[in-house]
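Dear colleague,

Please find below the structure that I am handing over to you. A summary of what was found in it follows.

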Amino acid sequence: MTSTTKKPMKAIILYDSQSVGGSTDRLIDSIGKKLAESGAYVEKARCKTNGDFSFVEEFDLVVLGAPIYYLLVASKLSGALGQSSLRTALKGKKVALFVICGSPEPMAQFLYLPQLKMNLDNPVILAEKVFAPDQTGDQQVIAEFVNSITEAYGKTH
């Protein structure tokens, strides 16, 4: 007998942050909570520049994000994309991207999201978001980002 039960999406949030318990951590927790409320199974992990990312294969969705420091995506996430197995692990994966920065959104779209994309090897990008610092705790903005991810995921699945 074949089961018609739909398997829940399995998501991992890979991120970098300079601090523990700061606005990035709170944003990650909120994104994870909203994804879980949509029915997804969610894990989160801080990036390590030379980490082994073979575990990414287990996940249907990878959310990548980090704050911007000194005009660059936080170093451990960008380092992981350039120096570890993360780039290979993301090939063909469904991915959502976000950055947190105080720059105007058009500038951030032009300068910072491409820093993440240039080290990706043909993923399926479902959603992108630039969070201003005051939006990292805005549940409506976070919900809109997660809704855009889940809607795009539903269209590709």
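**Findings on the interior and the surface**

Helix α2, which spans residues 75–83, has as its buried residues Leu-77, Gly-79, Ala-80 and Leu-81. Please note that this is a predicted model. The cover over the buried residues of α2 includes β3 (61–69) and β4 (72–73), together with α3 (86–90) and α5 (113–117).

Leu-77 also appears in the largest nonpolar core, which has 28 residues; Leu-77, Leu-14, Leu-64, Leu-86 and Leu-90 are the members that touch the most other members. Two or more residues of this core come from each of β1 (10–15), β3, α2, α3, β5 (94–100) and α5. The most is given by β3, with four residues.

For Leu-64, the contacts can be listed individually. Leaving aside residues up to four places away in sequence, Leu-64 touches Leu-14, Leu-77, Leu-81, Leu-86, Leu-90, Val-95, Ala-96, Leu-97, Phe-98, Leu-116 and Leu-120. Another core, of 24 residues, lies apart from the largest one, and its members include Met-9, Ala-40, Leu-126 and Phe-145.

I turn now to the surface. Met-107, Phe-110 and Leu-111 make a nonpolar surface patch of about 300 Å². Phe-110 is located in helix α4, which covers residues 105–111. Is Phe-110 buried or exposed? Its relative accessible area is 64%, and Phe-110 is therefore exposed, as the cut-off for that term is over 50%.

With kind regards

Technical notes: Residues numbered from 1 in each chain as written. Predicted model: local features only at pLDDT ≥ 70, side-chain atom pairs only at ≥ 80, totals over all residues. Heavy atoms only, no water. Patch = residues over 30% accessible without salt bridge, like charges linked within 9 Å, V, L, I, M, F, W, Y side chains within 5 Å. Areas by Shrake-Rupley, 256 points an atom, 1.4 Å probe, with all protein chains shown as cover. Salt bridge = Lys/Arg side-chain N within 4 Å of Asp/Glu carboxyl O. Buried < 20%, exposed > 50% of the residue type's maximum accessible area, 1.4 Å probe, protein only. Contact = heavy atoms within 4.5 Å. Core = buried A, V, L, I, M, F, W, Y, C linked by side-chain atoms within 4.5 Å.
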